[in-house]
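Biologist: I should like to learn how to read this structure. May we begin with its overall make-up and then turn to a single element?

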Amino acid sequence: MGDKKAADKVSVRDVSSMEKKTEKMSSSILDIIDLSKAKVTEPGPSTLPCSGYPDDAGVQRMHHPWSVYDVPFDDLARGFDRLRAELPQHDWKIVKDGPDGSPAKTPQIVANFTRDHFSADIRLLDQREHPDKTSLIEVTVVSDCFRDTSHEARDSG
């Protein structure tokens, strides 16, 4: 138990309102990408446990991975460049802009939302040399760790 972080220091938030906020964050990124003819993957945000906390503490984060695809690579590249230019104008602070650590050195932008507790990891996957694969912009939006209000009610009851 000594290695575990104290769950009572984590803010308490309602999961459904965090889902809505996470969707809103993702939508704002999609609006900046601005590729109306592109397809977007469907699954919405879900919760994942936060590591380093006791398993029964109910500490979790919102996690929303999605992708934009099915348009020419040059359109994807322009959408990615728009993110680079416009995220800071929408209260996102870019903390990384460069190749990721993969052998492909995939272009990556990591940005933190300055007014709320969200981060986005955005990558431009160029699959033009692999006809069986699809080029896309891969986006993962995550929230800071929080405890759900229902878990808080169980603790105090």
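**Reading the fold and one helix**

Modeller: The chain holds three helices and nine strands. Please note that the model is predicted. From the N terminus on, the elements follow the order β-α-β-β-β-α-β-β-β-β-β-α.

Biologist: What does the C-alpha trace of the chain span along its principal axes?

Modeller: The trace spans about 55 × 30 × 25 Å. Of the 157 residues in the chain, 39% are buried. The area that the chain exposes is about 9200 Å², and carbon and sulfur atoms supply 49% of it.

Biologist: How should one read the contacts along the sequence?

Modeller: One asks how far apart in sequence the joined residues lie. Among contacts in the chain between residues at least 6 apart, 63% join residues at least 24 apart.

Biologist: Why does the end-to-end distance of helix α2 agree with its number of residues?

Modeller: A helix is expected to advance 1.5 Å a residue, so the 14 residues of α2 (residues 73-86) should span 20 Å; its end C-alpha atoms are 20 Å apart, which agrees.

Biologist: Which residues of α2 are buried?

Modeller: They are Phe73, Leu76, Ala77, Gly79, Phe80 and Leu83. Seen down the axis of α2, these buried residues fall within an arc of 160°, so they line one face of the helix.

Biologist: Which elements do the buried residues of α2 pack against?

Modeller: They pack against the helix α1 (15-33) and against β4 (59-69), β5 (92-99), β6 (107-113), β7 (118-125) and β8 (136-143).

Biologist: How many positive and negative side chains does the chain have?

Modeller: There are 22 positive and 28 negative side chains, and the centres of the two sets lie 3 Å apart.

Methods:
Residues numbered from 1 in each chain as written. Predicted model: local features only at pLDDT ≥ 70, side-chain atom pairs only at ≥ 80, totals over all residues. Heavy atoms only, no water. Helix = DSSP H or I, 4+ residues; strand = E, 2+ residues; numbered from the N terminus. Expected span 1.5 Å × (residues − 1). Buried < 20%, exposed > 50% of the residue type's maximum accessible area, 1.4 Å probe, protein only. Arc of directions from axis to C-beta. Contact = heavy atoms within 4.5 Å. Areas by Shrake-Rupley, 256 points an atom, 1.4 Å probe, with all protein chains shown as cover. Lys, Arg positive; Asp, Glu negative; His and termini not counted. Charge placed at Lys NZ, Arg CZ, Asp CG, Glu CD.
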